[in-house]
Amino acid sequence: MKNKMLFLSKISGILIFLSFITTLYSYFFQANILIISGILAWMAFFILFPTLKNKRIIIILLSLSILAFFICYINSYQINLIKVFTVNQYLLTLLIGVGFLRLIAIPRKDKNIDLPKGKQSFIKTYLSVHLFGSVINISSLILVADKMYKKAPLTNAQIVLLTRAFASDAYWSPFFVAFAAAITYAPKLETSTIVLNGIVLAVLTFLITYYDVIKNKEFNIKEFYGYPLSLDSLFLPILLALLVLITNHFYPEIKVIILISLFSILMTIVILPMKKSILESLKILKFHITDELPNMKSEISLFLVAGMFGISISSILIGLNLSLPFEVFDWQIASILLLIFVFLAFIGIHPIITIAIIGDFLSGVNHTLLAMTFLMAWSTTVSTSPFSGLNLTIVSRYNCSAKEIFKLNIVYAIKMYFICTFCLFLLSKYLHM
C-alpha cells in the first residue's frame, strides 16, 4: 500500500509539472489548451487528496461548490466551465515556477562563523528574509529559521522578525503568490502604482517592527542573533527581477505572472548545470518534479478548490443580477472590505477564498484600488492569523505556539490596518475616486 501511494505521488508530481508546461505553452502558442492544464492539475489534486492532512476546508468548499452549481443549473444561471477549472491556473503556475528557484538559490554550504548579535544582526536578517522571500517565497523563511532553530528554540524576537519580514513581501512583490492572486482577479491594475505603495508599506512594517523590538526589553535585542544571508545569495532574485522588468518593458502585453514563471524554469535549467554536472542536474530536476512538487499539495488543493468555489458563488450573484451595495468603490468601501478580510482570516478563511468569492463580483470597480486591498489583506493577516500557512509552518516545524504568535502580532496587525486605511485614502485620491 505504501509503495502504491509513493508511486501515485510521483505520478501527481509529473502531472503538476505537465500542467505547468502546458500553461506556458497555451499562453504563447495555443490558448484553447489551457483547459488541459487545468485538468492535469485537478488530476494531481484527486490523486493527492487522500494524503492531505487538513481536508476539512477542502471538503466544505467542494460541497458548497457542488451545491452552488446545482442552484445555477436549476435556475439556468450561466456557468463558465472552462473558468471553473482554470481560474487560478496562472497563480498555480507562478507557485510551481518559483519553486524551481530553490534548486539554484539556496547557498551550497554554511560558513562556520560566529553570527553577529544585536541590532545589526536583526536588521540584516530581516532584510535577508524579506528580499530573498520576495522571490522564492517561504523557502527563504525556512532557510533562515532552520539555522536559528539549530542553535536554540526560536525567541519571540525571532518569531516577530520571521513572520513580519516574510508576510510584508505580499504588499509589493510581483513574484509573490498574493500578487498573482491580485492580478488574476483585478487584471487591469496599475503595476507600478501597486509596487510603489507596497514598498512604502513594507518599509513602514520594518520600522514598526524594529521600534517594537528595541523599545520592549522582553525582546532583549542586544542578545538577538540571526542568520543574515550574504549579498551573493541575492544575485539570483535580482537577476530574475531584471529579466522580468526588461522583458515587460519591451513586451508589456505579456502577463508578469507568465514572465516570472518562464524565467524561473529557464534560469534553473541554465544555472543548475553550472553548479552541478549535467547528470546530477537531471537527477535533481527529476527528484524535484516527482518528490518535491507533490509536497505543494496543500497550496495546490486550496487554490484549485477556492477558484471553483469563487466561480460558483459569483455565478449565482451574477445570475441574480445583484447590484453592488455601493455606488463608488472608494477608500471607505475598500477599508471596510479590508476589515472583513482580516476578520475572516482570523476565523480560518484564507484570503484566497475571500478573493475568489468577490473577485468576479467586483470586476467592474477600479482594479488598482481593489488589488491593493487584496494585497493588504493578505499581508496583514498572514503574519497574525493562527490559520495562515506561514504560521502553521512555524508552529509545526519549530514547535512554536500559534496563540503566542497571535499575541505577538495582533497589535501590529491593528496598527497596519489603520496605516493601510490611510494608504487607501491617499491612493483613492490619487486615482480620483
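The following paragraphs go through salt bridges, aromatic pairs, side-chain contacts and a surface patch in a predicted model.

The salt bridges come to 3 in count. One of them joins D291 to K10, with the closest N and O atoms 3.0 Å apart. This pair links distant parts of the chain, since D291 belongs to helix α14 and K10 to helix α1, 281 residues apart. D291 is partly exposed, at 24% relative accessibility, and K10 is partly exposed as well, with a relative accessible area of 28%.

Another contact involves the same two helices. I289 is found in helix α14, which spans residues 278-292, and I289 lies 9.1 Å from S12, C-alpha to C-alpha, although 277 residues separate the two in sequence. I289 has a relative accessible area of 15% and is therefore buried, the cut-off for that class being under 20%.

The side chains of R164 and D212 also meet in a salt bridge, at 2.9 Å from N to O. Here the link runs between helix α9 (residues 156-167), which holds R164, and helix α11, which holds D212, and the two residues are 48 apart in sequence. Both R164 and D212 are buried. D212 forms a salt bridge with K415 too, and in that pair the closest N and O atoms are 3.3 Å apart. K415 lies in helix α20 (residues 402-430) and D212 in helix α11, so this pair links parts of the chain 203 residues apart. With a relative accessible area of 31%, K415 is partly exposed, whereas D212 counts as buried at 10%. R164, D212 and K415 are thus linked in a network of salt bridges.Helix α11 also holds aromatic residues. F206 and Y210, both buried, are 4 residues apart in this helix, a separation of about one helical turn. What geometry does the aromatic pair of F206 and Y210 have? The pair is stacked, with 5.9 Å centre to centre and 20° between the planes. T209 lies in helix α11 as well and counts as buried at 0% relative accessibility. A polar atom of the T209 side chain lies 2.7 Å from the backbone oxygen of T205.

A search of the whole structure finds 24 aromatic pairs. Among them is the pair of F122 and F224, which is edge-to-face, with 5.2 Å centre to centre and 70° between the planes. F122 lies in helix α7 (residues 119-136) and F224 in the loop between α11 (191-215) and α12 (235-250), so the pair ties together parts that are 102 residues apart in sequence. F122 is buried, with a relative accessible area of 0%, and F224 is buried at 3%. Elsewhere, Y25, Y27, F28, F29 and Y90 form one aromatic cluster.

T23 is found in helix α1, which covers residues 2-28. This residue is buried, with a relative accessible area of 0%, and the side chain of T23 reaches the backbone oxygen of S19 at 2.6 Å.

Two further features involve rings or nonpolar side chains. The charged end of K55 sits over the ring of F49, 5.9 Å from the ring centre. On the surface, I60, L64, L67, F70, Y73 and I74 form a nonpolar patch, and together they have about 640 Å² of accessible area. I60 is placed in helix α3 (residues 56-74) and is partly exposed, with a relative accessible area of 38%.

Definitions and conventions. Residues numbered from 1 in each chain as written. Predicted model: local features only at pLDDT ≥ 70, side-chain atom pairs only at ≥ 80, totals over all residues. Heavy atoms only, no water. Phe/Tyr/Trp six-rings, centres within 6.5 Å; stacked < 30°, edge-to-face > 60°. Buried < 20%, exposed > 50% of the residue type's maximum accessible area, 1.4 Å probe, protein only. Lys NZ or Arg CZ within 6 Å of the ring centre and 35° of its normal. Patch = residues over 30% accessible without salt bridge, like charges linked within 9 Å, V, L, I, M, F, W, Y side chains within 5 Å. Areas by Shrake-Rupley, 256 points an atom, 1.4 Å probe, with all protein chains shown as cover. Salt bridge = Lys/Arg side-chain N within 4 Å of Asp/Glu carboxyl O. Polar contact = N/O pair within 3.5 Å; in protein donor to acceptor, adjacent residues only side chain to side chain.
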